[in-house]
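Reader: Please take a close look at the strand pairing in this structure. I should then like to see how that part fits into the packing around it.

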Amino acid sequence: MSLRTNAAQLVEIAVCGNVSQPSLRYPGYTLDQYGVGAVLPGMSGVVYNARVGDPAFGWAGDHVEPGTSIANPDPAPEFALHYLTCMGNQAIITNGLAKGARGIVTGEHARILVDFSAEANDLICVGDTIQITAVGRGIEFTDYPQIVLKKCSPQLIAGIPIEELPNGHIRVPVAMELPPRIMGSGAELNSEYVDQDLMSGDRDLMAELGIDQMRLGDLVVIPDSDHRFGRGFRKGAATIALCIHGDSVMTGHGPGILTLMTCPEPLIEWVIDPNANIANYLHIRELQ
Amino acid sequence: MPLTNNFDKLVAVSVMGQIASPGFPGLPAEPYRLDADGKPFLLPTYGGIVYNVSVGDSAFGWLADCIHPGVSISLKDENGNRGLNLFACVGNTAIVMSGDARGARGIVTGKSGRFSEHVILHFSKDDREKMAIGDKIVVKSKGTGMALADHPSVKFKSCSPELLDGLEVQTQPNGKLGVPVVAVVPPHLLGAGAGLTSEGGSLHIQTQDREAIKALGLDQLRLGDVVALADYDSSWNHGYLRGGIGIGVIGQGDSPRAGYGPGVTLIMTSATTGIEPVVTPGVNLTSVFNFN
């Protein structure tokens, strides 16, 4: 049985964005940790061959955003798209050749990331409008008010097999643990906005800890991290987060980690489960 | 034995900024930021002429958010400001070119990062009294491209020849470059600035966990102190790497925000353990440059 929430009180409201076009700044190089420049795809547009459930590491790309990336050209609606959209929300294409196709929100980076079927992706044109039924802002665990939820749709919360423990804690399945010392770019932002990259530059450490096995859509835990108002180190806190984009060659960057649950007190426990991925929890696809 | 350097090949070039006004977002008049516990606060922050906070003072305890000691300058033209923020080096001379403080000389002491991108200058308190927001200040920038022949793994950024001289760095018996610092900051206490440029801007010590900060004595840091950053490589952006070492100067004060705290202006980095921090009390810009 899933945890009690206030889902019945949540408002469902439409927000929209347009399918983005990849863009580069002349001359297009991204510098890696050795100072070597490369031109790499990954952000924006429709990424046809990277999907939630696929590896986060190993792409010949940078910050690969799985599926379709959308943004709104006007600043105020754009921030509404960012602040109101929650993971697991339903999306529908409202014009163009793929009109009527339905998708699921799987991430928030500089753009909102939506998963559609391969058939729908083939019909999508840059600029097509996608509308999201945003619901999840304000969601709380009725019995655990200390735990703050961010960008969680009721569907996502219902899909994750969270256990209630006799000691008054909850236990969440996660694919892996990330040490707080590798949490990097995004620390400068408020935690209501986008993600924080894990820093993958210490490649040996990624392999030692198995972090290089991370998949897009994985749930992960960052111990000793408080993400309620910004993202920072606090002993005893814990944060459950979602891998939303792929690895990066840039120093201080790596796969993107989006805050889902955070608590300044040690109320969130976790259990390692290789199937802890939203591809399962939101019934997006079978994991390999 | 003096270290072989390339000081005689470095180009000195003018970069200009104007004294920056403090700024806040516009309507609907929500000037608050949130502290790490979600409590709104309204306090002085980046920019302006700060009359009573100077390099040498404590980095902690001010009722402010990342306060810049002394005078902050920037240029409205974005590319021009990039030039100012990249080329100005800690220890460079700054000269007031307009207004009642015309001719006053100061010194670059730090830089701020994403969302403000100022260069931070020390001037005497008397000079600050004569200044106005908008006054033009030229920095005689020199230091970009600096290298030491015997320490090829060490990169210098925002570091003037005068600062390197004044720090009295020495080759250690193990061949590493020994750099005196007041403290070593562990990587889990480095926050905002990770993944952003290391050629300018700032990397912040995060101070939300006050006990962790106090346990390491970091709450004693002063503005202008020289510190080491453990397991961080700042060769191209700031990021975690075991064995990497950075050296920086405390350029900005503490912050109530999550992920923030005193801002560090990076001056040296080695991705491959080429730097050995030598903990030494009192390593501060005030003693290196003899001002107070």
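Author: Two strands count as paired if DSSP finds at least two bridges between them. Strands themselves are DSSP runs of E with at least two residues, helices are runs of H or I with at least four, and both are numbered from the N terminus. The model is predicted, so local features need pLDDT of at least 70 and side-chain atom pairs count only at pLDDT 80 or more, while totals for chains, interfaces and linings use all residues. Residues are numbered from 1 along each chain as its sequence is written, and chains are lettered from A and ligands numbered from 1 in the order in which they are written.

The pairing that deserves the close look is that of β11(A) with strand β12 (residues 170-174) of chain A, where 2 bridges join antiparallel strands. In this pair A:Glu164 has A:Ile170 of β12(A) as its bridge partner. Both strands belong to an open sheet of 3 strands in chain A, ordered β11-β12-β18, with mixed pairing. Because β11 (163-164) and β18 (268-272) of chain A each have a single partner strand, they stand at the edges, and one side of each is left without a neighbour in the sheet.

Elsewhere in chain A, strand β1 (residues 13-19) provides two further examples of pairing. With strand β9 (residues 129-134) of chain A, β1(A) shares 6 bridges and runs antiparallel; here A:Gly17 is matched with A:Ile130 of β9(A). With strand β5 (residues 67-71) of chain A, β1(A) shares 2 bridges, again antiparallel, and A:Val19 is matched with A:Ile70 of β5(A). These strands are part of a chain whose secondary structure comes to 5 helices and 18 strands.

The wider setting is the division of chain A into domains, whose bounds come from an automatic or database domain assignment. Domain 1 of chain A covers residues 7-134 and domain 2 covers 148-281. Their centres, taken over C-alpha atoms, are separated by 20 Å. Across the boundary, 34 residues of domain 1 of chain A are in contact with 33 residues of domain 2 of chain A, contact meaning that the C-beta atoms, placed from the backbone, lie within 7 Å. On the domain 1 side of this contact in chain A, β2 (30-31), α1 (75-84) and β7 (102-108) each supply at least two residues. The most comes from β7(A), which gives 3 residues. By class, this side of domain 1 has 17 nonpolar, 12 polar and 5 charged residues; Ala, Val, Leu, Ile, Met, Phe, Trp, Tyr, Cys and Pro count as nonpolar, Asp, Glu, Lys and Arg as charged, and the others, Gly among them, as polar.

Chain B is likewise assigned a domain 1 (10-141) and a domain 2 (154-289). The C-alpha centres of these domains of chain B are 20 Å apart, and 34 residues of domain 1 of chain B are in contact with 37 residues of domain 2 of chain B. On the domain 1 side of that contact in chain B, α1 (78-87) and β7 (105-111) are the elements that give two or more residues, and β7(B) gives the most, with 4. The residues of this side of domain 1 of chain B divide into 17 nonpolar, 10 polar and 7 charged.

Helix α1(B) can be followed into the interior. Its buried residues (20 or more other C-beta atoms within 10 Å of their own) are B:Asn81, B:Leu84, B:Asn85 and B:Phe87. They pack against β1 (13-19), β5 (70-74), β7, β8 (119-122) and β9 (136-141) of chain B.

The two chains also meet, in a contact that takes 28 residues from chain A and 30 residues from chain B. On the side of chain A that touches chain B, the largest share, 4 residues, comes from strand β16 (residues 232-245) of chain A. That side of chain A has 9 nonpolar, 10 polar and 9 charged residues.

The largest nonpolar core, a set of buried Ala, Val, Leu, Ile, Met, Phe, Trp, Tyr and Cys residues joined through C-beta atoms within 7 Å, has 153 residues, among which A:Val220 and B:Leu121 touch the most other members. Strand β16(A) gives the largest share of this core, 8 residues. Residues up to four places away in sequence aside, A:Val220 touches A:Val174, A:Ala175, A:Met176, A:Leu178, A:Ala241, A:Cys243 and A:Ile257.

Definitions and conventions: Buried ≥ 20, exposed ≤ 12 C-beta atoms within 10 Å, placed from the backbone.
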